[in-house]
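Here is a colleague's note to read with the sequence and the 3D view side by side. Please go through the numbered points slowly and find each residue in the view before moving to the next point.

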Amino acid sequence: MHLLPLLAALLGLIPAAMAAEPPLRFAPLPMVSQEAMVQEYIGPVRYLEEKAGRAIKLVYTKDYQELIERFRRDEIDLAYVGPLPYVMLSQGFDAATPLVRFLEPDGRDSYTCALVVFGNNPLPPGGMRGKRLALPDPLSTCGDVGMGAILGQAGVPLRETRRSHLDRHDAVAMAVILDQADAGGLKTSIARKYASLGLNVLTESPPVPGFVLVANRHTVPAETRRLLREALLDLHPRDNPADAELMRGWGGNMRHGAVPSSDTDFDTLRQQWTQTEMDR
């Protein structure tokens, strides 16, 4: 045992059982800074530490690609990721184990992606050949995969658009509003926030699973996975004011509650991703 954890345990700063084991390494969504990461995710970390009896250390990653690579090298034990990054993470790496999916602000356990235009632009999905299409990060579910599914249904391969990738969904909305793109793809709930500025949802994708907490089965014991899962499923912020207060300020969608998850929840999205890769 290292000296500092031992001293902390002796002084009563952390439980001795926590000090006896290395901390679980938890990587939330890639964020702009380590400071922002700590601010948004220290709340759930402290809660899960108490419930699971294991210390948890936040791990900063600059993007999804780094997170996926480090998880596969067993350098990350837990990750909070979007549905498409989970599909990519689990591809050929069956140790990635979904514990729970987090609810959207409206209480649903899924969300949709929207193809948007500005105002009354009559541009239909089938008219997107050669048009400027703004998309979020390629690893965003509402990026190439979400829009590939929508345009594919209209007979337009994604490669036949003039697509550009922006960092954030909000940036996609503004690019369409400012006529820097003919259309854009982004999360529907975010698109609707810009309706007052003239952003118009043309069509939506089928529902995709919500964001997920993933455990690395190589490094997280089954009992710890059970405790983590139950701890999150025990919280009901929509019905219990005490839970809502506890989860106030938790990052991402973690503060809205969770439902059980399994790998099969992502089968349809996995098929869409495979099709998108073929159509690039």
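1. A contact to begin with. When neighbours up to four places away in sequence are set aside, Gln 272 touches Val 145 and Ala 149. Gln 272 itself belongs to helix α11, which covers residues 267-279. Its relative accessibility is 19%, and because buried means under 20% relative accessible area, Gln 272 counts as buried. Please keep in mind, here and below, that this is a predicted model.

2. The disulfide. The count of disulfides comes to 1, and the bond joins Cys 113 to Cys 142 with an S to S distance of 2.1 Å. The two cysteines are 29 residues apart and the pair links distant parts of the chain, since Cys 113 is in strand β6 (residues 113-118) while Cys 142 is in the loop between β7 (132-135) and α6 (144-153). The angle about the S-S bond is -80 degrees, and the link of Cys 113 and Cys 142 is left-handed. Are the two ends of this link buried or exposed? Cys 113 counts as buried because its relative accessibility is 1%, and Cys 142, with a relative accessible area of 1%, is buried as well.

3. Strand β12. This strand takes in residues 212-216, and 5 of its 5 residues are buried, so the rest of the structure largely encloses it. If you look along β12, you should find Val 212, Val 214 and Asn 216 pointing one way and Leu 213 and Ala 215 pointing the other way, with all of them buried.

4. The partners of β12. Which way does strand β3 run relative to β12? Strand β3 (residues 78-81) is joined to β12 by 4 bridges, and the two run antiparallel; in this pairing, Ala 79 stands opposite Val 214. Strand β4 (residues 96-102) also pairs with β12 in the antiparallel sense, over 5 bridges, and here Arg 101 has Val 212 as its bridge partner in β12.

5. Helix α5 and what follows it. Helix α5 spans residues 83-90 and is mostly covered, with 8 of its 8 residues buried. Those residues are Pro 83, Leu 84, Pro 85, Tyr 86, Val 87, Met 88, Leu 89 and Ser 90. Just after the helix, Gly 92 takes a positive phi of about 75 degrees, a value you may wish to look up on a backbone-angle plot.

6. Phe 93. This residue is found in the loop between α5 and β4, and it is buried, because its relative accessible area is 9%. Apart from neighbours within four places in sequence, Phe 93 is in contact with Phe 71, Arg 72, Asp 74, Asn 216 and His 218, and one of these, Asn 216, is a residue that points to one side of β12. As a distance to check in the viewer, the C-alpha atoms of Phe 93 and Ala 55, which are 38 residues apart along the chain, are separated by 25 Å.

7. The largest pocket. The space in the largest pocket is about 1,500 Å³. It is lined by 45 residues, of which Leu 29, Arg 168, His 169, Ile 190 and Phe 211 are the closest to its centre. Several elements supply at least two lining residues each, namely α3 (34-52), α4 (64-72), β5 (110-111), α7 (169-177) and α8 (188-192). Which element gives the most? That is α8, with 4 residues. Sorted by class, the lining of this pocket has 17 nonpolar, 13 polar and 15 charged residues.

8. The largest cavity. The count of cavities of 30 Å³ or more comes to 1, and the space in the largest cavity is about 40 Å³. Its lining is made up of Phe 26, Pro 44, Val 45, Leu 48, Ile 56, Leu 78 and Leu 213. Helix α3 provides the largest share of this lining, 3 residues. By class, the lining of the largest cavity has 7 nonpolar residues, no polar residues and no charged residues. Leu 213, which lines this cavity, is also one of the buried residues of β12.

Conventions: Residues numbered from 1 in each chain as written. Predicted model: local features only at pLDDT ≥ 70, side-chain atom pairs only at ≥ 80, totals over all residues. Heavy atoms only, no water. 1 Å grid on protein atoms, 1.4 Å probe; cavity = no way out; pocket = protein on both sides within 12 Å on 5 of 7 lines; lining within 4 Å. Points joined across faces, edges and corners; volume = space filled by probe spheres on them. Nonpolar A, V, L, I, M, F, W, Y, C, P; charged D, E, K, R; others polar. Disulfide = S-S within 2.5 Å. Buried < 20%, exposed > 50% of the residue type's maximum accessible area, 1.4 Å probe, protein only. Contact = heavy atoms within 4.5 Å. Pairing = 2+ DSSP bridges.
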